[in-house]
Amino acid sequence: MKKLFAILSVVFLAVTIIDGHAKSYYSTAGNGFGALFPNPAVRMQGRYRAIEGDRLVDENATMATALGLDTTGIRTTAYRYQLRLANTNNKQGKSRTIKDPMTGGKTTLTSTEWGLVFNRDGDGNYCAVVLSCENSAPLDDITDRRTMRVRLIQNQSGQVTELASQRIAHGVSLEDGDNTLCVDVDERGASVSIGKSELVKVIECNLERPIGDVRVGYLVGPGACVSVERAVLTIDDAQRVAATATTWSLETLDEHFSQSTDPVEGYWRYLDRDLQDEWLRLGGRYTLALVGNGDGGYDIVYVGGARVMRSQWKPGMVKGHLRPTIFAGNYDLEWIDATLQPLGDEDAYATLEGGGAILTLNYPLYKSQVRYARVLDDADLRP
């Protein structure tokens, strides 16, 4: 498989730019682990998830496999995801006992699983790289050999299929130390690399990428306690720019609006904001165009005003979509942020208020909103 990115040791590096076309998003304790941990610490039945010191810790005391998903939607075909993580419940000779809260029965596990999730689609299907460690002869100190099993699995509608596996004994921590786990994804499949201090490719497999946005994250098997030091998501900017391209220009928008009778279609300019800056920041004082898409909704087209990644944003690019709901003047919102990434808030919505003069974009997950005002005088349109 063609490698998309040069090998990166995430022990020392967090961000990589490849030929000016790739952008890395990393999550560490300094930014609260960003989209990998968007909500405060939470205790659930049999599961604990919180930031402790400089680590994201997720312990699973249930018999069901748990996922910790990044809220970032990945639209491009090619991307790389790396985790620097450990399973603190992977100590040699130690077993874990889990109590079923429903039946009261207990299960003892001598080995726990953890790993990396990728290609997780909107239906809950996903692929994962699953790690576990075992001893060949636990009672024989002379012949005993401890190894790590690396499995590439696919979960479709709850049915798990093993696509490939490999056993390794060197170059990785076989107990509760950190390993870097990496998956490179492109149009042909996935390549898996792992290492304690240096990445080594261990699995390569053909895979069909799901249609639409996908997500990444980590996996916590029954009895495992995952401790994440760093997460790095690298996406090809060139593909993201292409994904936002349209046939609209300022001239064709002007011509379209001059003949439109739709009261929502037209230009809208930034008015004000109410943002939680620690979670969401303004990418620019945008001027936008709303264009009907034929199904009762609207495409949001960028016109101007970008501040973050200003050189990437050109008039006519898609900035988002408004999808109709059963309520008049209310729309489900899909927003593409300043970094050309779909914003990870599935509950985002937009409303038309003030007699159709104010467009409010609401992001409940981030407790934020931004308002735009209808442009009535096109002579003062261009930012």
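# Exercises on a barrel and its helix

Glutamate 353 has isoleucine 358, in β24, as its bridge partner. The model is predicted, so to speak on trust: local features need pLDDT of at least 70 and side-chain atom pairs pLDDT 80 or more, while totals for chains, interfaces and linings use all residues. Numbering starts from 1 along each chain as its sequence is written, and side-chain values use heavy atoms, with hydrogens and water left out.

**Exercise 1.** Work out which strands close into the barrel, and in what order.

*Solution.*
- Start with the pair that holds that bridge: β23 (residues 349-353) and β24 (residues 358-363) run antiparallel, with five bridges. Pairing takes at least two DSSP bridges; strands are DSSP E runs of at least two residues and helices are H or I runs of at least four, numbered from the N terminus.
- Step back to β22, which is joined to β23 by three bridges, again antiparallel. Here tyrosine 331 sits opposite alanine 350 of β23.
- One more step back, β21 (residues 318-324) meets β22 (residues 330-335) through five antiparallel bridges, and leucine 322 faces leucine 333 in β22.
- Check the turn of that hairpin: five residues lie between β21 and β22, and glycine 329 has a positive phi near 75°.
- Now go all the way round: eight strands close the barrel in the order β18-β19-β20-β21-β22-β23-β24-β25, with antiparallel pairing. On average, neighbouring strands in this sheet are turned by 30° against each other, ignoring direction.

**Exercise 2.** Find which residues of α2 are buried and what covers them.

*Solution.*
- Place the helix: α2 (residues 250-259) lies across β18 (266-274), β19 (284-292) and β20 (298-306), at about 50° to β19. Axes are fitted to C-alpha atoms, for helices over the stretch in contact, and angles between N-to-C directions run from 0 to 180 degrees.
- Pick out the buried residues of α2: Leu250, Leu253 and Phe257. Buried means under 20% relative accessible area, exposed over 50%, and partly exposed in between (1.4 Å probe, protein chains only).
- Look down the axis: the buried residues of α2 fall within an arc of 60°, so they line one face of the helix. That arc is taken over directions from the helix axis to the C-beta atoms.
- Flip to the other side of α2, where Glu251, Ser258 and Gln259 are exposed.
- Finally, the cover over the buried residues of α2 includes β18, β19 and β20.

**Exercise 3.** Say whether threonine 244 is buried or exposed, and list what it touches.

*Solution.*
- Threonine 244 is in the loop between α1 (237-243) and α2.
- Its relative accessible area is 3%, so threonine 244 is buried.
- Leaving out residues up to four places away in sequence, threonine 244 touches Gly316, Met317, Val318, Ile336 and Leu340. A contact has heavy atoms within 4.5 Å.

**Exercise 4.** Decide which element has the lowest mean pLDDT and which the highest.

*Solution.*
- The chain has two helices and 25 strands, and its pLDDT (predictor's confidence per residue, from 0 to 100) averages 86, with 87% of the residues at 70 or above.
- Strand β2 (residues 42-44) has the lowest mean, 62, and strand β9 (residues 114-120) the highest, 98.
- Residues 1-21 have pLDDT below 50, and that stretch makes 54 contacts in the model beyond near neighbours in sequence.
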